Amino acid sequence: MAQFLNARENIVTEAIDGLLGASNGRLVRLDGYPHIKVVVRADWDRGKVAIVSGGGSGHEPSHAGFVGKGMLTTAVCGDIFASPSVDAVLAGILAVTGDAGCLLVVKNYTGDRLNFGLAAERARALGKKVNIVIVADDIALPDIPQPRGIAGTLFVHKIAGAAAENGADLQAVTDIAKRVISGTRSIGMSLDTCTVPGSPREDRIPFGKAELGLGIHGEPGVEQVDFVGAKGALALVGAKLGEAMGSGPHVALLNNLGGTSSLEMAVLTHELAQSGLATRISHIVGPASMMTALDMRGFSLSVFPVSAGDLAALNASVQVTAWPGLAKFGLPQTVPMPAGIAPTAEAPSANAQLRKLILGICATLLTAAPDLNALDAKSGDGDTGSTLAGAARALRDQVDQLPLNDIPALYRSVSRVLSQTMGGSSGVLLAIFFAAAGEAAAGGAQLPEAMRAGLQRMQQIGGAQLGDRTMVDALAPALDELTLGLPAAAAAAREGANLTATMTQARSGRASYVTGGQLAGHIDPGAEAVARLFEAVANR
């Protein structure tokens, strides 16, 4: 897979310089490239305890992204997924350690332990006061003697960093860090592996599976489990964490492992609020990318039992752009909808025949959704079927609140439902269509005439004409034939829809941005939806 990278050997140094260039002068680096890659606070005066962390790169924004007032003093960066050298760590220690001393926050990986550990010994030999804490928050392998350090490390950076910033001495900062480590638990899940620059992507997770308990270096998880959506993912992760959590309120840290979209992370946050852990979580950090594994399409969840003092430390302001902040966690709050926006303002009335017709139309749209999405993916964003299905569900669920025995009012009500439930241009256009049809029907127009009035208004506002490769290419000929009966209208709609597959230029909608070669042979999804509706109604 192509990546926006240059030579593999320059990736980390170029990334660090990019971070520094956008830091407004808050961050600097030691002049030791390429072997010494150390990011330092520009304002550091050695008067307080320094907090030093780091490790292999590929976890951005960790570690350099958390250097700044209130968190890390220095980040020592290795190559991709490789511990920094002893000399690099020692350089970082010596650059920032004054009389107050230095705390090394090290994730529990052999390379990090060895290199940071030896660097600490050498620094002590030079007269520096250096303490080390080892973060081992991963609970994926409960019986392993050396659990890995993953995203829960951020709790240590923030809470110990706040203590150091407030002037606590080295022993106090160390004790605080150890307490946070002892209470932090984390576990991750992913749908895919990561792409290590210069190496082929490992394809070990089959479709329909997810890997539970994986690390942050692309290493395999504890087990592959069936993937059943965000709810199932949170249930599995939550069950593991729930068993390992202590009592009292906890703060959660929801971390993007690098390749999960913001939309997915928001859905995972929603599921966390619905999960069995929700009552035990008072605050949340994220969702955000904090401790990633390059472009891994997964997430991790960390929890920590917090006191009032810990919450104050987590909420303390920092000059660090990568820290997303702390927020109270709970169910969403609502306020009343504004007056006049209700989906129907008409008095309900019954009409068994129309009710059956509307429900049949809704069923047709729901059934057609996958096919319409597939067609739309050829020329648009692949959501026509889903958009129409959303409107169909809304009409189906509200059918008994509609004025079924008052045709003008029914048109107006359908227009309101569509305007509220359908996104994009199609929802607006169809809402305009039914509003205008309702206006015409209120003036005495019968069905064909009212529908043509709706089409005329929709074309006037939307601009689409016959031959523009839109739903109009099926709707206009169908309405022209409607006076001859539904079978004739359905046949005309099908013919018009099929004709769009021969049109290699769209002059309206998202398909107008697509080349003719991509359009040829594919029916416009809006026209296909119209044809299927007329065919379904004619068959009934």
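This note goes through selected features of a predicted model, point by point.

1. The sheet. Six strands make up an open sheet with mixed pairing, and their order across it is β1-β2-β4-β3-β5-β6. The edge positions are taken by β1 (27-29) and β6 (130-135); each has a single partner strand, so one side of each is left without a neighbour in the sheet. On average, and with direction ignored, neighbouring strands of this sheet are turned by 25° against each other.

2. The β3/β4 pair. Within this sheet, β3 (residues 50-57) runs parallel to β4 (residues 74-80), and five bridges connect the two strands. As a point of register, the residue standing opposite G55 is C77 in β4.

3. Helix α5 on the sheet. Residues 170-183 form helix α5, which packs on the sheet and touches β3, β5 (102-107) and β6. The direction of α5 makes about 5° with that of β6. The edge strand β6, with its single partner strand in the sheet, is thus among the strands that α5 contacts.

4. Helix α2. In α2 (residues 86-96) the buried residues are V86, A88, V89, L90, G92, I93 and V96. Their cover includes the strands β2 (38-41), β3, β4, β5 and β6, together with helix α3 (110-125).

5. Cis peptide bonds. Two are noted here. The bond from S62 to H63 is cis, with omega near 10°; H63 belongs to the loop that links β3 and β4, the two strands paired in the parallel sense. The bond from G286 to P287 is also cis, with omega near 5°, and P287 is part of strand β11 (residues 281-288). A reviewer may wish to look at the S62 to H63 bond in the model, where the second residue is H63.

6. Positive phi values. N24 is not a glycine, yet its phi is positive, at about 60°. N24 sits in the loop between α1 (11-21) and β1 and is exposed, its relative accessible area being 75%. L294, likewise a residue other than glycine, has a positive phi near 55°. The location of L294 is the loop between β11 and β12 (298-305).

7. E528. This residue lies in helix α17 (residues 525-539). With a relative accessibility of 6%, E528 falls in the buried class, for which the limit is under 20%. Its side chain makes a polar contact of 2.7 Å with the side chain of R494 and another, of 2.8 Å, with the side chain of R532. Leaving aside residues up to four places away in sequence, E528 touches L372, L375, R494, A497 and I523. R494 therefore appears both as a polar partner of the E528 side chain and in this list of contacts, where contact means heavy atoms within 4.5 Å.

8. L154. Helix α4 (residues 153-165) contains L154, which is buried at 0% relative accessibility. Residues up to four places away in sequence not counted, L154 touches S62, F66, M71, L253, M290, M291 and W323. One of these contacts, S62, is the residue from which the cis bond to H63 starts. G238 is 84 residues from L154 along the chain, and the C-alpha atoms of the two are separated by 19 Å.

9. The second largest pocket. Its volume is about 450 Å³. The lining consists of 25 residues, and those nearest the centre of the pocket are A15, S57, G58, E60 and L294. L294 is also one of the residues with a positive phi, near 55°. At least two lining residues come from each of α1, β3 and β4, and α1 has the largest share, with five residues.

10. Cavities. The count of cavities of 30 Å³ or more is two. The volume of the largest cavity is about 40 Å³. It is lined by R41, W44, K48, V49, I51, M71, T73, G161, A164 and E165. Helix α4 gives the most to this lining, with three residues. M71 recurs here: it is part of the lining of the largest cavity and is also touched by L154, a residue of α4.

Conventions: Residues numbered from 1 in each chain as written. Predicted model: local features only at pLDDT ≥ 70, side-chain atom pairs only at ≥ 80, totals over all residues. Heavy atoms only, no water. Pairing = 2+ DSSP bridges. Helix = DSSP H or I, 4+ residues; strand = E, 2+ residues; numbered from the N terminus. Axes fitted to C-alpha atoms, helices over the stretch in contact; angles between N-to-C directions. Buried < 20%, exposed > 50% of the residue type's maximum accessible area, 1.4 Å probe, protein only. Polar contact = N/O pair within 3.5 Å; in protein donor to acceptor, adjacent residues only side chain to side chain. 1 Å grid on protein atoms, 1.4 Å probe; cavity = no way out; pocket = protein on both sides within 12 Å on 5 of 7 lines; lining within 4 Å. Points joined across faces, edges and corners; volume = space filled by probe spheres on them.
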